[in-house]
Amino acid sequence: MIRVIIAGVLMVWGLFALGIATVGIFRFSTMLNRIHVAAKCDTMGALLVLSGLIVLSGWTVFSLKLALVIVFLWLCNPAASHLVARAEVKTNPELERICDFVDLTEGDDDDDNR
């Protein structure tokens with residue numbers, strides 16, 4: 001019974017994080033803000049939901065597979081979000097008008113200021 005309660009709490013918190021991500025994706029106006037909220041809340045929401053499923057299933061081969069899915073998501077989701085954000089910075093000419101950011105891909109322009 002306690003295992004079901006713990007699993008339920010984890011899954012409800014995970015669904016809450018995923019719901020916040022959905023609201024954030026629709027609420028924010030710039031692509032970089034949307035990517036940020038999607039990457040953070042997706043990763044945390046998936047961790048909590050899958051952890052709840054691991055607790056619910058007990059220690060089986062299925063829970064090991066779910067743990068591997070968690071590891072895969074935690075490695076790939078931030079990297080994929082970073083690559084999408086970097087592509088947005090490179091291809092959107094109006095981004096400098098909308099956002100303040102430091103473009104670290106063009107080399108070191110601050111050599112004269114040191």
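Helices (H or I, at least four residues) and strands (E, at least two) are taken here as DSSP runs, numbered from the N terminus. I20, a residue to which this tour returns, lies in helix α1. The model is a predicted one, in which local features need pLDDT of at least 70 and side-chain atom pairs count only at pLDDT 80 or more, while totals for chains, interfaces and linings use all residues. Residues are numbered from 1 along each chain as its sequence is written, and side-chain values use heavy atoms, with hydrogens and water left out.

Begin with the whole protein chain, which has four helices and zero strands, the elements running α-α-α-α from the N terminus on. Of its 114 residues, 25% are buried, where buried means under 20% relative accessible area, exposed means over 50%, and partly exposed lies in between (1.4 Å probe, protein chains only).

Next, select helix α1, residues 2-27. Its 26 residues should span 38 Å at 1.5 Å a residue, and the end C-alpha atoms are 37 Å apart, which agrees; the expected span is 1.5 Å times one less than the number of residues. The buried residues of α1 are A7, G14, A17, A21 and G24, and they pack against α2 (31-57), contact meaning heavy atoms within 4.5 Å.

Staying on α1, select W13 and F16, which are three residues apart, about one turn of the helix. A search of the whole structure finds one aromatic pair. The ring centres of W13 and F16 are 5.8 Å apart and their planes stand at 85°, so the pair is edge-to-face. Rings of Phe, Tyr and Trp (its six-membered ring) pair if their centres lie within 6.5 Å, with planes under 30 degrees apart counted as stacked, over 60 as edge-to-face and the rest as tilted. W13 counts as exposed at 52% relative accessibility, whereas F16, at 49%, is partly exposed.

Now add M1, I5, V9 and I20 to the selection: together with W13 and F16 they form a nonpolar patch on the surface, with about 690 Å² of accessible area. I20 is partly exposed, at 41% relative accessibility. Patches are made of residues with over 30% relative accessible area and no salt bridge (like charges joined within 9 Å, nonpolar side chains, Val, Leu, Ile, Met, Phe, Trp and Tyr, within 5 Å); a salt bridge is a side-chain nitrogen of Lys or Arg within 4 Å of a carboxyl oxygen of Asp or Glu. Accessible areas come from the Shrake-Rupley method with a 1.4 Å probe, and for residues only the protein chains shown count as cover.

Finally, select S63 in helix α3 (residues 61-91), which is buried at 2% relative accessible area. Leaving aside neighbours within four places in sequence, S63 is in contact with I54, S57 and G58.
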